[in-house]
Amino acid sequence: MERVVLVTGASGGVGLALCQRLLEEDGRIHLCIACRNEQKSEATRDLLLATHPAAQVSTVEVDLGNLASILRAARELRCRFQRLDFIYLNAGIMPNPHVNFKALWHGLLTGKLLHMLTTAEGIMTQTDRLNGDGLQEVFATNLFGHFMLVRQLQSLLCSNERPSRLIWTSSSNARESAFSLSDYQHAKGQESYSSSKYATDLTSVVLNRKFNGQGLYSSVVCPGLVMTNMTYGILPVFLWKLLMPIMWLIRFFAKTYTLTPYNGAEAHVWLFKQKPEYLDSLVKYHSCTTGLGRSYVEPRKMDVDEDTAEKLYQKLLELEEQTLEKYRDLLD
């Protein structure tokens, strides 16, 4: 039986590299690429088929920041497939990023600069906003949209015949200090990206506890620092050109500087080949690259509180119930 793999955020960066690597790993899979619009989906499909002409590649249009789009896409996928073997929950945004140069200078003086450069702790802020559904945009796209998608596709995922897998793209920037249960959408802070990724880690932990018995397993990965359109939005292009030689040197000391999307997808692809029953649900799998360019995967225990994870999960369920009231016409 062919394995069906769904990848969100597949049109560029780590998502596109992941699709290419999955087809190299197993050309028999049915790869379904999820992008925000039809033009991107078709362009990505053509690009993949140019190098893998015999591959089975289909598309689905979904905007993870739009609940109506998620419900329509889920309904289409339920009609199209009998089961899903993998969902790579990879799409994400980091709008209006800003670098706190004062914090960066302080890190240099206190000897914490390398730690800050590898985690973005204290030096990255974002300006968030409400989306059309009245939710914080980063929270909605990075976490809640994916959560809703999984919930709507649960009938295709939970089966004891063969395990199904959820693989979330998290970050080393996922920090407890940026997250608050009382403000889980991060409406009041300036580190919405970090908060959403920490919430992702918490959600994955709970999903394992609730659904492993039904054959559904969840993992989180960190692609490391990858140069993508999201990253290039942090600083002007000319500064990146000046910094790139320095970043290649930093990689000799900071193994999470994977830099290329191909290297960043290392942990995603590694998990594709593992038996989920033997994985630790409290571990995040990091893509790493040596100074000489060899890629490998490093497991690291997550700093998550399971009680907090359960409370967040209940809040997500409550929010799901509230938001679905608006879209009853899109439900089966």
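**Stop 1: helix H3 meets helix H6**

Start by selecting Leu67, Ile70, Leu71, Ala74 and Arg78 in H3, then add Phe144, Gly145, Met148, Leu149 and Gln152 in H6: these two groups meet each other. Keep in mind as you look around that this is a predicted model. Sorted by class, the residues of this contact are seven nonpolar, two polar and one charged.

Now show the whole helices, residues 67-80 for H3 and residues 137-152 for H6. Their axes come within 9 Å and cross at roughly 30 degrees. Angles under 35 degrees count as roughly parallel, and H3 and H6 are therefore roughly parallel to each other. Turn the view until one helix lies in front of the other: H3 passes H6 in a right-handed crossing.

**Stop 2: the sheet**

Next, colour the strands. How many strands form the open sheet, and in what order? There are eight, arranged E3-E2-E1-E4-E7-E8-E9-E10, with mixed pairing. Look for the edges at strand E3 (56-61) and strand E10 (295-301), each of which pairs on one side only. If you look along the sheet, you can follow its twist, which averages 25 degrees from one strand to the next.

Zoom in on strand E1 (residues 4-8) and strand E2 (residues 30-35), which pair in the parallel sense over five bridges. Select Thr8 and you will find Ala34 of E2 standing opposite. Both helices from the start of the tour return here. H3 packs on the sheet and touches E1, E2 and E3, and its direction makes about 145 degrees with that of E3. H6 packs on the sheet too, touching E1, strand E4 (86-89) and E7, and its direction makes about 175 degrees with that of E7.

Move on to E2 and E3, which run parallel and are joined by six bridges. Here, Cys32 stands opposite Ser58 in E3. Trace the chain from E2 through helix H2 (residues 38-51) to E3, and you follow a right-handed β-α-β crossover.

**Stop 3: H6 again, now with H13**

Go back to H6 and add helix H13 (residues 306-324). How do these two helices cross? Their axes come within 11 Å, at an angle of roughly 80 degrees. That makes H6 roughly perpendicular to H13.

To see the contact, select Phe139, Leu143, Phe144, Phe147, Met148, Arg151 and Gln152 in H6, which meet Tyr313, Leu316, Leu317, Leu319, Glu320, Thr323 and Leu324 in H13. By class, this contact has ten nonpolar, two polar and two charged residues. You have met some of these names already: Phe144, Met148 and Gln152 of H6 also belong to the contact with H3.

**Stop 4: H8 and H13**

Keep H13 on screen and bring in helix H8 (residues 192-211). The axes of H8 and H13 come within 8 Å and cross at roughly 90 degrees. That makes H8 roughly perpendicular to H13.

Residues to select in H8 include Leu202, Val206 and Phe211, while those on the H13 side include Ala309, Leu312 and Tyr313. The residues of this contact divide into ten nonpolar, three polar and four charged.

**Stop 5: Cys158**

Finish at Cys158, in the loop between helix H7 (154-157) and strand E7 (164-169). Which residues does Cys158 contact, leaving aside its neighbours within four places in sequence? They are Phe211, Gln214 and Leu216. Phe211 should look familiar, as this H8 residue takes part in the contact with H13. Try a distance label between the C-alpha atoms of Cys158 and Phe211: they are separated by 7.6 Å, although the two residues are 53 residues apart along the chain.

Definitions and conventions: Residues numbered from 1 in each chain as written. Predicted model: local features only at pLDDT ≥ 70, side-chain atom pairs only at ≥ 80, totals over all residues. Heavy atoms only, no water. Axes fitted to C-alpha atoms, helices over the stretch in contact; angles between N-to-C directions. Helix = DSSP H or I, 4+ residues; strand = E, 2+ residues; numbered from the N terminus. Parallel < 35°, antiparallel > 145°, perpendicular 65-115°, else oblique. Left-handed = near helix turned anticlockwise from the far one by under 90°. Contact = heavy atoms within 4.5 Å. Nonpolar A, V, L, I, M, F, W, Y, C, P; charged D, E, K, R; others polar. Pairing = 2+ DSSP bridges. Right-handed = clockwise from strand over helix to strand, strands pointing away.
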